[in-house]
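Trainee: Could you take me closely through one part of this model, the metal site, and then show me how it sits in the rest of the chain?

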Amino acid sequence: MTTPTWGWSERLSLKHQLMDATHQEFVTLCAALAQSEEQSPFIDRLDALIEHSIEHFEQENRWMRDAGFPPAACHQGEHDAVLQVMQEVRRRFAEGERDLGERLAEELPLWFEHHVDTMDNMLAQYLISNEIAVEAA
Ligand SMILES: [Fe+2]
Ligand SMILES: [Fe+2]
């Protein structure tokens, strides 16, 4: 597999405790997509990631709504788009397009790093600088 060493690192930390904890969970589940089919079925690993992502994204969407975060629509749009991709890959993988699983395992870490650097970073800075307390879902 092409991304066996990808995992959590301080480089991904936004110094926001709840967000970092959620992101560590995402990284673990996302990195697991690169495991082999012998370890566990890809569909099961993808389902676990999708289930996590629905809650992860809804948690951030709620924080943005509650805090009146200005670029909320743009950020939520990125969540919706990547979730759609995951669900589309799940559907097509189940229909036999197995190579899509490997492509997703390669691309998602790149998407996530970019998303953390931009959208999530802006949200974390907004919450921290405005001293807005948030709660886990
Ligand atoms: Fe996030
Ligand atoms: Fe986000």
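**The iron site and its surroundings**

Mentor: Both H56 and D120 are buried, and they make a good way into the site, bearing in mind that this is a predicted model. The two residues belong to the set of protein donors of the iron ion (ligand 1), which comprises H23 through NE2, H56 through NE2, E60 through OE and D120 through OD, at 1.9 to 2.4 Å from the ion. Along the sequence these donor residues follow the spacing H-x32-H-x3-E-x59-D. Because H56 lies in helix α2 and D120 in helix α4 (residues 99–129), the pair ties together parts that are 64 residues apart in sequence. As for geometry, the angles among the four donor atoms of the iron ion (ligand 1) run from 81 to 154°, and the site is irregular; four donors would count as tetrahedral if all angles lay between 85 and 135 degrees. A second metal also has to be considered, since the iron ion (ligand 2) is placed 3.4 Å from the iron ion (ligand 1), with E60 coordinating both.

Turning to the helix that carries H56, α2 covers residues 42–67, and its 26 residues reach 37 Å from first C-alpha to last, close to the 38 Å expected at 1.5 Å a residue. Just after α2, G68 adopts a positive phi of about 60°.

Two residues other than glycine also have a positive phi: K15, near 60°, and E131, near 50°. K15 is in the segment before α1 (17–31) and is exposed, with a relative accessible area of 61%, while E131 is in the segment after α4 and is likewise exposed, at 75% relative accessible area.

How values were computed. Residues numbered from 1 in each chain as written. Chains lettered and ligands numbered in written order. Predicted model: local features only at pLDDT ≥ 70, side-chain atom pairs only at ≥ 80, totals over all residues. Heavy atoms only, no water. Helix = DSSP H or I, 4+ residues; strand = E, 2+ residues; numbered from the N terminus. Expected span 1.5 Å × (residues − 1). Donors = N, O, S within 2.8 Å, 3.2 Å for Na, K, Ca; no water. Tetrahedral: all angles 85-135°; square planar, octahedral: opposite > 155°, others 65-115°. Buried < 20%, exposed > 50% of the residue type's maximum accessible area, 1.4 Å probe, protein only.
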